[in-house]
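Got your viewer open and a selection box ready? Let's walk through this one stop at a time.

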Amino acid sequence: MANNSHQRKKKRSKTSKRHKQQEPAGPRRFSEFGKFANDLLTKGYIHDQTLSISTRSCNEVIITSRASRQGRRSTANVGAQYKYKNAAVEVNFDTKSSIATTLSFGGEILPSTNVNASLRLPEYGSSQLNLKFQQSFRNAALSISVGLNQSPDILLSATIGTSSIAFGIESKYKTTSRSFGRLDAGISVTNPSRDASIILAEKGDLLRLAYAHRFGQSRKISAVAEVTRRLSNNKNSLAVGVSCIADKLTTVKATLNNRGKLQALLVHKINPNSSLNISAEFNMKALDKIPRIGLALALRL
């Protein structure tokens, strides 16, 4: 009898665990609407030459030296970062003799809350303290961000729906003018192979439609199209892009817009912590111009 009751308890616990694992996720946040398409079209493309070298000390401090050159202008900075559980502190020094310090806490002070404080010297006027609260429910997601300074802006976004379809709204309230500086609304439909979104931004003046499709069971090839229309002057723009994961270490992608700008990017991982990015930009309407080449090498020693 004891063995039977013990087996029944084990079955009930396994069933409850299975139900918890199969419980559907809530809707995505508004900041994630169209993010996959936007990242494919814009993320990673560079126009300068950058070299960064990172090392980890015995006390888990990551020291990074970075140098970049764009045209005739060169910059360099050295940074140190230390993480402990959900807290992190980062200090950066650059060639302009400025010091930037960032301190962040995630969920340590209040649940579902991130606190980020940044201090910049000698330009201390640009220092700020940011408080961000994010909470996900079964059929809703809420995000509130407040900049704690003399004239804070409050960014509020909320979404309702499921993991497959979600409706959302985002607004920025300016305390100085006591008015809403931004009001966006949108809808997002997604599944493992497709990601579509429609966003009405800038108080109803900008309409943005984005669609991304992942091909095949492995989904190594993705194609994206984004159309925007400015309703005040009836101007349209179109951008298309494609991404291909060649292997575990190499990714290639390219984008083209209606203004004739063609961009190509090659990302190769030398090892899990080091990568090489090569980017090129061409003007298809002015092929006589020299293309812009970008190169970024990040090494983790």
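Start by selecting H213, which sits in strand β13, residues 206-215. Keep in mind as you look around that this is a predicted model. Is H213 buried or exposed? Its relative accessible area is 17%, and the cut-off for buried is under 20%, so H213 counts as buried.

Now show the side chain of Y211 as well. The side chains of H213 and Y211 are joined by a polar contact of 2.9 Å. For the rest of the surroundings, skip anything within four places in sequence and pick S193, R194, I221, S222 and A223: H213 is in contact with these.

**Zoom out**

Time for the whole chain. Colour by secondary structure and you should get two helices and 19 strands. The protein has 301 residues, and 25% of them count as buried. If you like contact maps, take the contacts between residues at least 6 apart in sequence: 26% of those join residues at least 24 apart. Switch on the surface and you are looking at about 19800 Å² of exposed area, with carbon and sulfur atoms supplying 58% of it.

**Strand β8**

Next selection: S143, in strand β8, which covers residues 140-147. S143 is another buried residue, because its relative accessible area comes to 9%. What does S143 touch, once residues up to four places away in sequence are set aside? The list is K132, F133 and Q134, plus L155, L156 and S157.

**The loop between β12 and β13**

Move on to E202, in the loop that runs from β12 (194-201) to β13. This one is partly exposed, at 40% relative accessible area. Add R230 to the view: the side chains of E202 and R230 make a polar contact of 2.3 Å. Beyond the stretch up to four places away in sequence, E202 touches L183, D184 and that R230. You can also draw a distance from E202 to A185, 17 residues away along the chain; C-alpha to C-alpha, the separation is 9.5 Å.

While you are here, check the backbone torsions. Most residues other than glycine have a negative phi. E202 has a phi near 55°, a positive value in a residue that is not glycine. Click on K203 and you find a positive phi there too, near 60°. K203 lies in the loop between β12 and β13, and with 55% relative accessibility it counts as exposed.

**The loop between β18 and β19**

Select P291 next. You will find it in the loop linking β18 (274-283) to β19 (292-300). P291 has 32% relative accessibility, so it is classed as partly exposed. Which residues is P291 in contact with, leaving aside its neighbours within four places in sequence? They are E281 and F282. Put a distance label on P291 and E281: they are 10 residues apart in sequence, and their C-alpha atoms are 5.6 Å apart in space.

**Two pockets**

Last, go looking for empty space. Rolling a probe the size of a water molecule over the atoms shows where such space is left.

The largest pocket holds about 460 Å³. It is lined by 21 residues; to centre your view, select K43, S243, T251, K253 and V267, which lie nearest the middle of the pocket. The elements giving two or more residues to this lining are α2 (35-42), β15 (235-245), β16 (250-257) and β17 (261-271). Which of them gives the most? That is β16, with four residues. Colour the lining by class and you get seven nonpolar, six polar and eight charged residues.

The second largest pocket has about 280 Å³ of space. It is lined by 15 residues, and T42, E226, A239, N257 and R259 are the ones closest to its centre. For the secondary structure around it, highlight α2, β14 (221-230), β15, β16 and β17, each of which supplies at least two lining residues. By class, this lining splits into four nonpolar, seven polar and four charged residues.

To finish, try showing both pockets together with α2, β15, β16 and β17 coloured: these elements give two or more residues to the lining of the largest pocket, and each supplies at least two to the lining of the second largest.

Methods: Residues are numbered from 1 along each chain as its sequence is written. This is a predicted model: local features need pLDDT of at least 70, side-chain atom pairs count only at pLDDT 80 or more; totals for chains, interfaces and linings use all residues. Side-chain values use heavy atoms; hydrogens and water are left out. On a 1 Å grid over the protein atoms alone, a cavity is a set of points where a 1.4 Å probe fits but cannot get out, and a pocket is an open set with protein on both sides within 12 Å along at least five of seven lines; lining residues have an atom within 4 Å of a point. Grid points are joined across faces, edges and corners, and a volume is the space filled by probe spheres set on the points. Ala, Val, Leu, Ile, Met, Phe, Trp, Tyr, Cys and Pro count as nonpolar, Asp, Glu, Lys and Arg as charged, and the others, Gly among them, as polar. Buried means under 20% relative accessible area, exposed over 50%, partly exposed in between (1.4 Å probe, protein chains only). A polar contact is a pair of N or O atoms within 3.5 Å; within protein, one must be able to donate a hydrogen and the other to accept it, and residues adjacent in sequence count only if both atoms are side-chain atoms. Contact means heavy atoms within 4.5 Å. Accessible areas come from the Shrake-Rupley method with a 1.4 Å probe; for residues, only the protein chains shown count as cover.
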